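The following note sets out points for a colleague's reading of the model. It moves from charged pairs to a chain interface, and then to individual residues.

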Amino acid sequence: MATKKVVGAALVAGGGVAGMQAALDLANAGYYVYLVEKSLAIGGRMSQLDKTFPTNDCSMCIISPKLVEVGRHINIELLTLTDILAIDGAEGDFRVRVRKNPRYIDMSKCIACGECTKKCPVKVDNEYNELLDKRKAIYVQYAQAVPLKYGIDAEKCLMLTKGKCGSCQKVCPAKAVDYGQKAEEAVLNVGSVVLAPGFKPYNPKDFETYRYADDPNVMTALEFERLLGATGPTMGHVVRSGDHKEPQSIAFLQCVGSRDINRADNGYCSSVCCMYAIKEAIIAKEHAKYDLQVTVFYMDIRSFGKDFERYYEKAKAKGIRFVRSRIHTVQPLKDGGVRFHYVTDHGQSTTEDFDLAVLSHGLVITGETQDMSRKFGLETDKYNFAKTSSFSPVALSRPGIYACGVFTGPKDIPSSVMEASAAAAAASSKLSSARGTLTRTVNVPAPMDINGEPPRIGVFICHCGINIASVIDVPKVVEFAKTLPFVEFASNTMFACSQDNQEQMVKLIKDMRLNRIVVSACSPRTHEPLFMETLAAAGLNKYLFEMANIRNHDSWVHAGNPEEATRKAMDMTEMAVAKAALLTPLTENVIDVDPTALVIGGGVAGLNAALTLSQQGFKSVVVEKAEKLGGIANRILSTSKDEDVGKYLDELQAKVEADPNISVALKAEVGQVEGFVGNFETTLTNGETVKHGVTIIATGALESKPAEYLYGQNPKVLTHLELDERMKARDEAVDAARTFVFVQCVGSREPERMYCSKVCCTHTVHSAVHIKKKNPDARIFVLYRDMRTYAQKEDLYKEARDLGVIFVRYDLDSKPKVSESGEALNVEVHDPVSGRNLLINPDFLVLAAAIVSGRESELAMKYKVPLDEDGWFFEAHQKLRPVDFATDGMFMAGICHYPKPMDEVVAQAQAAAARAVTVLTQPKMTVGGIVAEINQAKCSGCGVCVAVCPFSAVKIDEAKGKAAVNEAMCKGCGTCASSCRSDAPILRGFTNDGLFAQIAAAL
Amino acid sequence: MTSLPDLNQKIQSAAKRLLAEGKAEVVIGCRQGTTPMTVAPIFCRTEDDCNQLIWSNFAKINLATYLPKYPGKVAIIAKGCDARSAVGQVVEKQIERENLYIVGVACGGLVDVEQIQAREPRPIRAAEEDWATIKLSGDGWSSSLPKEDVLRRNCKTCVSRTPEGVADELIGEPTEALPADDYADLKALAGQSLEEKMAYFKGLVKNCLRCYACRNACPLCYCPVCFVDETRPQWLGKSQDEMDTFTFHLLRAFHCSGRCTSCGGCEAACPMDIKLREFNRLLDEEVQKDWNYLPGLSWDQTPPLTTYRPDDEADFIK
Amino acid sequence: MSEFEPKIVAFFCNWCTYGAADLAGVSRLDYPPNFRVVRLPCTGRLNPKYILEAFKRGADGVWISGCHPGDCHYIAGNYHARRKFMLLHHMLEAVGLEPGRLHFSWISSAEANKFQEIAREVVEKVRACGPNVNFRKAELDLGLPEVA
């Protein structure tokens, strides 16, 4: 067989959070990545969000480090304003034809000063703020955008449309405006493609009865989100867009464009709207300085994710009202409000007025994405979501093309991030032979030894065109800098960040043997890495650098007071010089990485993680405490897509057994654990010792044993898994049964277990449909609190209703009553629709028993990873790091993290493997830099530093009785340094003497 | 109530037994001082040493201060505050639990020599004591004072007079805990003007010599290098600057917050009779109010500055 | 200028409030130029001694600002910091520091407006306190820090 060409590069389409994650994981695994984004900047929908549920994290705060990481990654080539025209070839060797549309700005010159925008006369509706305010024709999408380069809206620019104006070109201090740019086509050669095109919010304008199109007091939830945002049109002040009045009452209308085939053709549930509505309701109430009344009108509240149920309860406790009713008609009021007529849960007809209505719109696939699917030959479902299977949730119908994010179905951020990592793993599964062939590395000269030399500081004061110099007297600051201690050289520069200034800086460092550099310019948050690279290129340790932010923190905010601004710039420069004088070179060390993974748990998650790692060429050891592999899936009949789980498990097991990279230890558990990322050593209870670089915890969870509804007392009362087992065994009694009652939320969503087990509603409707199809005469009753068949699973719920399954809702305070009389079971439940009690005598009563964690606290202690209060393993970040632990080298997959269905388990397993590969792929890991160390002479061994370290990076060396920092685990926050009474921990780069010198210089 | 001689007898036999059984290589306790109304620490390794052990109303030193200096198996004759400090040292890993044996002694509170001298200005040549009374005598005179009248301030609000729960054995009948400090004086002061607050606290330390006797007497001050001795950076000037002195006391109290057992060792050690605990009390009040924390009451406590709750008080933050 | 211009030392965490100050700059939101910023990786890095040192050296006010609870880039640095700040703040005001000299805030990197608002408030409150005479050293042991 001829060797097929394999290209060690991948293309990721879409620069939202999913695309970014996929790009980062691929690039960090040794593949060159083209990240294609059609707009000016990456960030996607998440950049528009104010807060994220259920932690109320600031969305921009958590996404912006990721934006910067993508923007600066040496192996990610960012192609903005780029469209994909065609994908030719096959997996391993695709040729992707793209069109790069002109930005009309030379990106290498633009310094993002914003002078152009100030002068631009054209006002355009601002998409970032959902058209609630205006931007200019030359603009950045948002202030933190990456790349932070302006672009011209060709359809609106006067110069480009009418050939007149040109004022941006005139004012640009960097001469970056180029009206002559033309679109260019290019062909990119990549081994695989990941599509992350995202979604658009459903546009409710066609729903005439909602009056969105013509009533300013009806807005969409994304518009409302922008209203809440600190960077939004009203800077977080909630006012109605029509009359700018503060609303006293707000109503959220759920399922607008979701779960609706009458008007919207969208039968699916959009999965996120309940949660974002709750979030927006909470935040709106927090923003209002008055008692804002918020009501959410809903059909079922679907708070099915980790910590979501508590969030919902919190909202109720805060006084947010939840009304179970679908509003169909909004009647505008003369004085600027809206009126609803609705029927309550108890069948009463009511009228209520609100000042503002917010439509919780669903997520839909854009027309462009639909075109793309057609053009590239990708199968989709009837809602235009990409077709995938539960067992390979990110692989599309065309081999070599993968997907993540909302393209495969509506989902929230952590699920998108998980899928993104999974897609990275899948997309590189066939490319591992070409790993590292196209990636680039930076070669830097060995740094010169400055040991024993007094500080020789070079100071550069930037004009930033006119951004700084128009306010601050730069020459005066330069003259002042020359008088500061240890300053050997001070000079001004037009653009400190320009290529020629970098070259000049390198030359000066070498010629004058400067050993510390201070740049007074813009923000170290954006520019410090650039200057640090320049230092490194000049052979100076890159940590001998300090910045003073005289633009963002000075000239831009004190324009009206040049004298004080100049004085402040002098002080800031002095502070930077004072700290710089005390900086010492920081070393980065390399540690070996053992390229093996230990996978704890041999269920679907663990096995998929091991197989995914094997595809990438890494060995793993799977530890399973049971006698056989497969975990809880051994008891499951089929997935919600009707895929046979037993058959799948057989195949999975066969693959694992045949895989030379995987060894399995059955009836074994973790004994002793030593080491840290790159170098773990785990002794198993069977005596085997495993050396491994990473650990993946996939220990699963349990189906609880209910303590109610006669479970365990009457043989006709079963749990979901017991029913599945009986159906798998083709149990005659089940086949012959005529009446089934399913009870949902048995042990879930109760005060002692305040979470939703996520899979049970789908499991029930799937079982019901399965039974009904086999036996159409069977009578099936489902007693539920909220049906939570999210995403495309809503179709199953509908199918069950169409097949005649009867759904009866109950409340926590009126749970069904189960009794037995002889052999017969009696189930009594109050039906809120008819207002009467129903009495059913089922042949089987099936309980949706809560899924409970195995509370692996011993395992958690051994690897120093946390469990949350429900016993689930607790991830590093609930939104953006859903498979990582805070401790480096530790990952998780499957339902030990939280209950989830098969496709999400497989995705998380692939994701954990992808994250693990980013560690395993480096034979050596660089550690150090800005990390803590312990001054042994000052340490009393009291353990405060150990207790406060969020990353378990400090431990007490028992032999010495002193603390020690593991550089590989330390993230450099300095909490240890400030908590120690004797100042034994030293945070390199932010030392006590350096910071004291800054304080002294500030005053 | 066990008489003092009986109590001393029991302490001595316990100490001898512990040495004989090898449960301790040294027993730390108090012996009579060389001048009236004083006691000194004694580190018993022999029966003879043990015969000197006493419990005294004048035992103002916190014996736990000596524990970290003895790496082997140590027993401590501990009143409530000593025991709590010893527990704190185990929690803070300065000593190992298995090397520590606590002989708890029920304490009825200690007396304040300054107050005695204020009431009895004649030179005191000898003092006899029992649970309730201090009998004083001098050249040709004798008098007696009810102990209640001259109790140390910290002892009046002691919530752990008997080291129950943490002691390996207990001598004497448990004494009831007293009502906790209500901080009424500090609360009243909080309502005063800034000038009055400043005057009060700066006034407290105006005579401070920065001799650090308070630090040396404190069972919490075991740092190899104290911040006052730091040079890079120099946290505190070496001169007698008022603000440096004030800063020393603020930081000393801050370092003791959530750890101080109100033993009063610092005040007892101060040659200038500074009411040092006022600074500690400022923080103790907050630690108890916000985190409901009293140090040294159990072996598995988490000191409040090594942990947090997401819903900690945050009203002072904008 | 007759009005008293206070000198304020501000300690900002790199990820949130320093970012908010950057964004305030991008948005050209002006505020008084009275404070100087010391950038820290995290408010968890802020040793309470720094606050006392700033006052001792003559700062008229100190302002500390970091990430909102839950937003910490280092997971829990700001939670640990909050406990220390609570105690120190309580102690300093109990011994006579003017309420209004020492400020704490949580400002996310997206809250440029809140940054501007608090910056103005801090400067005005410190200005209202007048010069710091009670918490500064009479004479500073000036001189350069030692350099190894």
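1. A salt bridge here is a side-chain nitrogen of Lys or Arg within 4 Å of a carboxyl oxygen of Asp or Glu. Lys507(A) and Asp511(A) satisfy this rule, with their side chains meeting at 2.9 Å, N to O. Both residues belong to helix H12 (residues 499–511) of chain A, where they stand four residues apart, about one turn of the helix. Lys507(A) is partly exposed at 48% relative accessibility, whereas Asp511(A), with a relative accessible area of 54%, counts as exposed because the cut-off for that class is over 50%. It should be kept in mind throughout that this is a predicted model.

2. The background to such pairs is simple. Side chains of opposite charge can pair when their charged atoms come close. By the rule above, the count over all chains comes to 101 salt bridges.

3. A second pair, Arg97(A) and Glu185(A), forms a salt bridge at 3.2 Å, N to O. This pair links distant parts of the chain: Arg97(A) is in strand E7 (residues 93–100) of chain A and Glu185(A) in strand E12 (residues 184–190) of chain A, 88 residues apart. Arg97(A) has a relative accessible area of 34% and is therefore partly exposed.

4. A third pair joins Asp353(A) to Arg339(A), and the closest N and O atoms of this salt bridge are 2.6 Å apart. Since Asp353(A) lies in strand E21 (residues 349–354) of chain A and Arg339(A) in strand E20 (residues 337–343) of chain A, the pair ties together parts that are 14 residues apart in sequence. Both partners are partly exposed: Asp353(A) has 36% relative accessibility, and Arg339(A) has 27%.

5. The interface of chain A and chain C merits separate attention. How many residues of each chain are in contact with the other? The contact involves 63 residues of chain A and 58 residues of chain C. The two chains bury about 5,100 Å² between them, 62% of it on carbon and sulfur atoms. Of the area that chain A buries against chain C, 14% is supplied by Arg525(A), His553(A) and Leu1003(A), more than any other three residues.

6. Polar features also cross this interface. There are four salt bridges between chain A and chain C. Arg36(C) and Asp571(A) meet in a salt bridge, with 2.8 Å from N to O. The rule for polar contacts finds 21 residue pairs across the interface of chain A and chain C, both residues being at pLDDT 80 or more. Several elements of chain A each supply at least two residues of the side that touches chain C, among them helix H13 (524–537), helix H14 (551–555) and helix H15 (562–581). The largest share of that side, eight residues, comes from H26(A).

7. A nonpolar patch is found on the surface, formed by Ile74(A), Val442(A) and Val444(A), which together have about 260 Å² of accessible area. Ile74(A) is located in the loop between helix H2 (59–72) and strand E5 (76–79) of chain A. At 33% relative accessibility, Ile74(A) is classed as partly exposed.

8. In chain B, Gln94(B) occupies the loop between helix H3 (80–91) and strand E4 (100–105). Is Gln94(B) buried or exposed? With 17% relative accessibility, Gln94(B) counts as buried, because the cut-off for that class is under 20%. A polar atom of the Gln94(B) side chain lies 2.8 Å from the backbone oxygen of Glu92(B). Leaving aside neighbours within four places in sequence, Gln94(B) is in contact with Ser940(A), Gly941(A) and Cys942(A), as well as with Pro68(B), Gln89(B) and Tyr222(B).

9. Val228(B) is likewise in a loop of chain B, between helix H7 (213–217) and helix H8 (242–256). Its relative accessible area is 3%, so Val228(B) is buried. Beyond its neighbours within four places in sequence, Val228(B) is in contact with Tyr212(B), Arg215(B), Leu236(B), Lys238(B) and Phe248(B). Val228(B) and Lys238(B) are ten residues apart in sequence, and their C-alpha atoms are 8.5 Å apart in space.

Methods. Residues numbered from 1 in each chain as written. Chains lettered and ligands numbered in written order. Predicted model: local features only at pLDDT ≥ 70, side-chain atom pairs only at ≥ 80, totals over all residues. Heavy atoms only, no water. Patch = residues over 30% accessible without salt bridge, like charges linked within 9 Å, V, L, I, M, F, W, Y side chains within 5 Å. Areas by Shrake-Rupley, 256 points an atom, 1.4 Å probe, with all protein chains shown as cover. Buried < 20%, exposed > 50% of the residue type's maximum accessible area, 1.4 Å probe, protein only. Contact = heavy atoms within 4.5 Å. Buried area = accessible area lost by both parts, 1.4 Å probe. Polar contact = N/O pair within 3.5 Å; in protein donor to acceptor, adjacent residues only side chain to side chain.
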